[in-house]
Amino acid sequence: MDNKVRLSKLMSEQGISSRREADALIEKGLVIVDGKVVDTLGTKVDRDAKISLKKEGQNLQDQKLTILLNKPLGYVSCQPEDGYKEALDLIREENRDKKFKTNKKLPPKLIKFAVAGRLDINSKGLLVLTQDGKIAKKLIGQDSPIEKEYLVRVEGNVEPYKIEQLEYGLILDDKELKRAQVDQIDTHFLRIVLSEGKKRQIRRMCELVNLNVTSIKRVRIGKVKLGSLKPGCWRYLEADESF
């Protein structure tokens, strides 16, 4: 059996970079495999190969920004249609939460930022925008196990059997949903934790059990919490934080 794999794929699997970032690093001659520089795209290596980056390559990776935004209602996560406002428009220095000290600076143009876990226009709370392909893959990859926690206000009778149905057994898009955590924290408020992210998932789940969602707020992604970040404000992901 061939034990070799494309270098860019292996770099992605090892969490060094995304595959696209890996190709760019390889082309620049910044990737070292078993002590030798590899600069040819498509190169295959052994799965147990020792991979590292030159200092310049590591610096490039370390310079990639990840931003945490408290998205207000009325903003779309990305690619706005006419008449809609994009969440990225809020990433201005005057909106940065000054409680968090930093030496980082926003680039003149906010390019190559991916939204890692979208929120629809009528939902609010924690939104991640990142230039780091590793983080994007970790949060939105097909097999991502990262939890996302929401506070949800609903209309309708929240009965125990509905909680059970929301937790497990519902089907969306002809596929059974992964198990969720659902707690009733007040008469019309639920705490819902998901480990997947289908389009409008919470609203559609609640519709299936005859509950109408009137408010959704995301308060946590993985180990990172929204905390005291005010609506419309943002901060950088800290060096000691990880999802």
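User: Two strands pair if DSSP finds at least two bridges between them. With that in mind, which residue in β10 stands opposite I67?

Analyst: Good place to start, and do keep in mind that this is a predicted model. Strand β10 covers residues 124-130 and is joined to β6 by six bridges, with the two strands running antiparallel. Within this pair, the residue of β10 that stands opposite I67 is L129.

User: And which residue in β18 stands opposite I67?

Analyst: Strand β6 has a pairing with β18 too: three bridges link it to this strand of residues 234-236, again antiparallel. In β18, the residue opposite I67 is Y236.

User: How many of the residues of β6 are buried?

Analyst: Let's take the strand face by face. On one side sit T66, L68 and N70, on the other I67, L69 and K71, and all of them are buried. For β6, which spans residues 66-71, the count of buried residues is therefore six of six, where buried means under 20% relative accessible area.

User: Which residues of helix α4 are buried, and how wide is the arc they fall within?

Analyst: Helix α4 runs over residues 133-140, and its buried residues are G133, I135, A136 and L139. Looking down the axis, you would find that these buried residues line one face of the helix, because the arc they fall within is 160 degrees.

User: What helps to cover the buried residues of α4?

Analyst: Several elements share this job, and some of them we have met already. The strands β6 and β10 are among them. The covering also includes β11, β16 (212-221) and the helix α2 (19-27).

User: At the start of α4, which residue has a side-chain oxygen that reaches the backbone nitrogen of K134?

Analyst: Here we look at the beginning of the helix, where K134 offers its backbone nitrogen. A side-chain oxygen comes to within 2.9 Å of that nitrogen, and it belongs to D132.

User: Is Y150 buried or exposed?

Analyst: First, find Y150 in strand β11, which covers residues 148-155. Residues beyond its sequence neighbours that touch Y150 include L119, L190, I192, L194, I202 and I216. Its relative accessible area is 9%, and the limit for this class is under 20%, so Y150 is buried.

User: Which residue has a side chain joined to that of Y150 by a polar contact?

Analyst: Besides the residues just named, Y150 also touches R191, K217 and R218. One side chain makes a polar contact of 3.2 Å with the side chain of Y150, and it is that of R218.

User: Which residues touch the most other members of the largest nonpolar core?

Analyst: This core has 37 residues, and the ones that touch the most other members are L129, V152, L166, L190 and I202. Among the elements giving two or more residues to the core are β6, β10, β11, β15 (189-194), α5 (160-167) and α6 (201-208). L166 shows what such contacts look like: leaving aside neighbours within four places in sequence, it is in contact with A180, V182, L190, M205, C206, V209 and L211. To repeat the names you asked for, they are L129, V152, L166, L190 and I202.

User: How many residues does the other core have?

Analyst: Apart from the largest core lies another one, with L7, L10, I16 and V31 among its members. Its number of residues is 16.

User: How far apart in space are L10 and D46?

Analyst: L10 belongs to helix α1 and is buried, at 3% relative accessibility. Beyond its sequence neighbours, L10 is in contact with V5, V45, D46, R47 and I51. Although L10 and D46 are 36 residues apart in sequence, their C-alpha to C-alpha distance is 9.1 Å.

User: Where is S8 found, and what is its relative accessibility?

Analyst: S8 sits in helix α1, residues 7-13. Away from its sequence neighbours, S8 has R19, A22, D23 and I26 as contacts. S8 counts as buried because its relative accessibility is 4%.

User: How many disulfides does the structure hold?

Analyst: A disulfide is a covalent bond between the sulfur atoms of two cysteines. C206 is buried at 0% relative accessibility, while C233 is partly exposed at 21%. The number of disulfides in the structure is zero.

Definitions and conventions
Residues numbered from 1 in each chain as written. Predicted model: local features only at pLDDT ≥ 70, side-chain atom pairs only at ≥ 80, totals over all residues. Heavy atoms only, no water. Helix = DSSP H or I, 4+ residues; strand = E, 2+ residues; numbered from the N terminus. Buried < 20%, exposed > 50% of the residue type's maximum accessible area, 1.4 Å probe, protein only. Contact = heavy atoms within 4.5 Å. Polar contact = N/O pair within 3.5 Å; in protein donor to acceptor, adjacent residues only side chain to side chain. Disulfide = S-S within 2.5 Å. Arc of directions from axis to C-beta. Core = buried A, V, L, I, M, F, W, Y, C linked by side-chain atoms within 4.5 Å.
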